[in-house]
Amino acid sequence: MTNEQYQEAVDWLFVQAPNYQIDGEKAYKPGLDNITKLCDFFGNPQEKIKCIHIGGTNGKGSSSNMLASVLQESGYKVGLYNSPHLIDFTERIKVNGKNCDKEFVFNFIQKLKGLPEDILPSFFEFTTIMAFEYFHQQKVDFAIIEVGLGGRLDSTNIIKPLVSAITNVQLDHQNILGDTLEEIAGEKAGIVKNNIPIISGDENETVKNIIKNKAEKENAPFIDAALLKTDLKSDLKGNYQEKNIKVVLALIEELRKLNFNISDKNIEEGLLSVHNNTGFIGRWFEFSQNPLTICDTGHNQAGLEYVFTQLNSIDKHKHVILGFVNDKKIDEVMALLPENSDFYFAKPSINRGRHPKDYENLLLDAKISYKIFDSVQQAYLSAKEECTNEEMIFVGGSNFVVGEFLEKNLEISE
């Protein structure tokens with residue numbers, strides 16, 4: 001298999017089953033019918049692996065990577081399923097920090113081409129069954145499965161995990177999950193299963209009670225991670241990681257109750273070695289020191305508020321590169337923009353990428369210093385030219401902006 005053949009196969013996957021990131025709502029197929037048929041077709045590999053299920057609006061990627069790192073430090077072989085990818089498709093499916101084998105992806109896509117006509121999966125359903133099969137073939141000790149969208153009708157919800165967690169619930173994807181926090185919390189709580197412990201990391205009492213009530217109905221032990229006290233730190237920077245660490249500690253405690261051997265030293269070292277153990281990037285990721293350049297994939301209102309608050313705490317003039325997709329409520333972002341900044345608005349290169357000219361009236365109303373660019377790379381090169389070593393650059397607003405930036409500028413070692 002050549003790199004060209006691999007890329008053609010992945011391109012086929014995107015064309016046959018459009019990704020949510022490319023085709024909007026049309027690619028989202030709520031319900032478990034398709035994934036159930038897919039899993040049956042491949043012999044139900046999800047039933048042959050020990051799974052941990054992590055959902056939530058923000059923090060599920062960070063939490064799942066921190067947990068994976070701790071379990072790797074404990075000597076376990078750990079599968080990790082995250083989305084979306086930033087640079088290469090294989091980032092979505094990892095074992096002990098190593099991206100899924102490209103030859104496996106190529107061969108599996110050939111099998112997908114032979115599916116019965118009554119199975120019409122979405123892109124995410126295709127990748128989910130691919131992850132289950134890869135983790136089964138790799139004989140992982142644990143498979144950490146991140147929820148894609150929502151929870152109740154998400155294709156990952158076919159699993160019967162050892163333990164589940166919901167990091168938090170915020171307004172996001174309202175066009176699919178519901179207009180209110182209560183509706184969205186109900187969808188997220190759909191991953192709660194009978195007799196399986198559920199961990200909640202949210203501090204909001206309304207959200208907490210919705211999850212707790214679902215847990216009571218399912219006779220599932222409810223653990224409130226927000227009540228935990230800890231001074232443990234992670235190499236994943238960002239003040240918001242303190243909340244995610246509590247979720248991870250609660251997950252570990254439940255695994256210990258199941259007699260899995262995880263020492264305090266494993267926890268401490270695992271939390272401090274996430275980048276090295278899992279290859280996770282994109283969350284308050286320090287791209288360079290001179291000038292200080294940070295990128296972060298926070299993209300909904302709550303995530304951006306955390307990120308911009310931390311930016312405001314840094315006493316430097318900032319050059320902020322932002323880009324958004326079509327369904328982003330730009331007016332909400334304008335109210336959160338960091339202070340002491342020059343802004344560089346760019347269009348992400350994906351189909352859903354929104355050109356800043358479409359919302360320039362909001363930029364004018366915000367009375368900020370800004371420039372508009374046709375691409376993220378153009379914006380970065382302009383910011384880099386104008387930024388001194390005493391100032392800083394920030395790149396964010398969307399997963400796709402960060403992915404595009406890293407793909408163009410980060411030296412990836414194969």
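**Exercise 1. In what order do the six strands of the open sheet stand, and which pairing do they have?**

Before the solution, note that this is a predicted model, in which local features need pLDDT of at least 70 and side-chain atom pairs count only at pLDDT 80 or more, while totals for chains, interfaces and linings use all residues. Residues are numbered from 1 along each chain as its sequence is written, and side-chain values use heavy atoms, with hydrogens and water left out.

*Solution.* Step one is the order, which reads β9-β10-β16-β11-β13-β15, with mixed pairing; strands here are DSSP runs of E with at least two residues, helices are runs of H or I with at least four, both numbered from the N terminus, and two strands pair if DSSP finds at least two bridges between them. Step two concerns the edges: β9 (285-289) and β15 (369-373) each have a single partner strand, so one side of each is left without a neighbour in the sheet. Step three takes one pairing in detail, since four bridges join β9 to β10 (residues 292-296) in an antiparallel arrangement, and glutamate 286 has isoleucine 294 as its bridge partner in β10.

**Exercise 2. Describe how helix α16 packs on the sheet.**

*Solution.* Begin with the contacts (heavy atoms within 4.5 Å): α16 (residues 376-386) touches β9, β11, β13 (341-346), β15 and β16. Its direction makes about 160° with that of β13, where axes are lines fitted to C-alpha atoms, for helices over the stretch in contact, and angles run from 0 to 180 degrees between N-to-C directions. Next, list the buried residues (under 20% relative accessible area, with exposed over 50% and partly exposed in between, for a 1.4 Å probe and protein chains only), which in α16 are Val376, Gln377, Ala379, Tyr380, Ser382 and Ala383. Finally, the partners of these buried residues include α17 (399-409) as well as strands of the sheet.

**Exercise 3. Classify the ring pair of phenylalanine 14 and phenylalanine 123, and locate both residues.**

*Solution.* First recall the criteria: rings of Phe, Tyr and Trp (its six-membered ring) pair if their centres lie within 6.5 Å, and planes under 30 degrees apart count as stacked, over 60 as edge-to-face and the rest as tilted. The whole structure holds 21 aromatic pairs; in this one the centres are 4.6 Å apart and the planes stand at 40°, so the pair is tilted. Then place the residues, with phenylalanine 14 in helix α1 (residues 3-16) and phenylalanine 123 in helix α6 (residues 123-137), so that the pair ties together parts 109 residues apart in sequence. Both phenylalanine 14 and phenylalanine 123 are buried.
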